[in-house]
Amino acid sequence: MKKELFFLLTFVLLYSCTSNTIFEKPKDLIPKDTMQMLLQEMVIASSAKYIKTKNQQKNINYMPFVYEKYKIDSTRFNSSNFYYMSKIDLYQEILEASKNSLEKRNKVFKREKLVLDSIRKDSVDKARVEIKRLDSLKRIQILDSLKRIKK
């Protein structure tokens, strides 16, 4: 009798642990391509939180700006995100596409940074050549201004 009760309780416990939940598609589901772009923007916004602004401010929450840009609210995002997470294959596609797009953006910005750095270096080098032609007082003034630019 004890063994039968043990097996019955074990069976009920195992059966209750299985996931038989089928999630319904929300009425206001965010489309797949929009969700991909939204996730990209959210990653950028969450990363930018710890970057100082021109006014030396930090810890600014940019998520409301992302929601405003896509004309959604956090509830709609959460319900759509929950639905896509229940469809793991579809969610994996969305995440991979977002990741690839972010990597492409990163490559573009790295190239731009290299170009700007080389332009800045060239202009500093040209300025140094010009400084050598000037008298000592003017040299000191220009070098001080260049040091401020580098910072």
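Me: Why is K32 called partly exposed?
Reply: This is a predicted model, and its values are computed from the atoms. K32 has a relative accessible area of 36%. Buried means under 20%, and exposed means over 50%. The value 36% falls in between, so K32 counts as partly exposed.

Me: What makes K32 and E93 a salt bridge?
Reply: Their closest N and O atoms are 2.7 Å apart. The cut-off is 4 Å, between a side-chain nitrogen of Lys or Arg and a carboxyl oxygen of Asp or Glu. At 2.7 Å the pair is within that limit, so K32 and E93 form a salt bridge. K32 lies in helix α2 (residues 32–48) and E93 in helix α5, so this pair ties together parts that are 61 residues apart in sequence.

Me: Why can such side chains pair at all?
Reply: Side chains of opposite charge can pair when their charged atoms come close.

Me: Why is E93 called partly exposed?
Reply: E93 has a relative accessible area of 43%. Partly exposed covers the range between 20% and 50%. The value 43% lies in that range, so the label fits E93.

Me: How many salt bridges does the structure hold?
Reply: It holds 3. One of them joins K32 and E93. E41 takes part in a salt bridge with K69 and in another with R105.

Me: How do you know that E41 and K69 form a salt bridge?
Reply: Their closest N and O atoms are 3.4 Å apart. That is within the 4 Å limit, so the pair qualifies. E41 sits in helix α2 and K69 in helix α3 (residues 63–69), so parts that are 28 residues apart in sequence are tied together.

Me: What makes E41 and R105 a salt bridge?
Reply: The closest N and O atoms of E41 and R105 are 3.4 Å apart. The limit is 4 Å, so E41 and R105 qualify. This pair links distant parts of the chain, with E41 in helix α2, R105 in helix α5, and their positions 64 residues apart. E41, K69 and R105 are linked in a network of salt bridges.

Me: E41 or R105: which is buried and which is partly exposed?
Reply: E41 has a relative accessible area of 16%. Buried means under 20%, so E41 is buried. R105 has 31%. That lies between 20% and 50%, so R105 is partly exposed.

Me: What does R105 touch, beyond its neighbours within four places in sequence?
Reply: R105 is in contact with Q40, E41 and I44.

Me: How do you know that S98 is buried?
Reply: S98 has a relative accessible area of 4%. The cut-off for buried is under 20%, so S98 passes. S98 lies in helix α5 (residues 88–133). Leaving aside neighbours within four places in sequence, S98 is in contact with Q36, L39 and Q40.

Me: What is the pattern of the chain?
Reply: Read along the sequence, the pattern is α-α-α-α-α-α. The chain has 6 helices and 0 strands.

Me: Which residues have the most contacts inside the largest nonpolar core?
Reply: They are M35, L38, M42, I72, F77 and Y84, in a core of 17 residues. Helices α2, α3, α4 and α5 each give two or more residues to this core. Helix α2 gives the most, with 5 residues. L38 is in contact with I30, V66, Y70, I72 and F77, leaving aside its neighbours within four places in sequence.

Me: Why is F82 called partly exposed?
Reply: F82 has 46% relative accessibility. Exposed means over 50% and buried means under 20%, so F82 falls in between. F82 is in helix α4 (residues 74–86). With F23 and M85, F82 forms a nonpolar patch on the surface, and together they have about 280 Å² of accessible area.

Me: How many aromatic pairs are there?
Reply: Ring centres must lie within 6.5 Å to pair. By this rule the count comes to 3. Y62 and F65 form one of the pairs, at 6.2 Å centre to centre and with 45° between the planes.

Me: What makes the pair of Y62 and F65 tilted?
Reply: Planes under 30 degrees apart count as stacked, and over 60 as edge-to-face. An angle of 45° meets neither condition, so this pair is tilted.

Notes
Residues are numbered from 1 along each chain as its sequence is written. This is a predicted model: local features need pLDDT of at least 70, side-chain atom pairs count only at pLDDT 80 or more; totals for chains, interfaces and linings use all residues. Side-chain values use heavy atoms; hydrogens and water are left out. Rings of Phe, Tyr and Trp (its six-membered ring) pair if their centres lie within 6.5 Å; planes under 30 degrees apart count as stacked, over 60 as edge-to-face and the rest as tilted. Helices (H or I, at least four residues) and strands (E, at least two) are DSSP runs, numbered from the N terminus. Buried means under 20% relative accessible area, exposed over 50%, partly exposed in between (1.4 Å probe, protein chains only). Contact means heavy atoms within 4.5 Å. Patches are made of residues with over 30% relative accessible area and no salt bridge: like charges are joined within 9 Å, nonpolar side chains (Val, Leu, Ile, Met, Phe, Trp, Tyr) within 5 Å. Accessible areas come from the Shrake-Rupley method with a 1.4 Å probe; for residues, only the protein chains shown count as cover. A nonpolar core is a set of buried Ala, Val, Leu, Ile, Met, Phe, Trp, Tyr and Cys residues joined through side-chain atoms within 4.5 Å.
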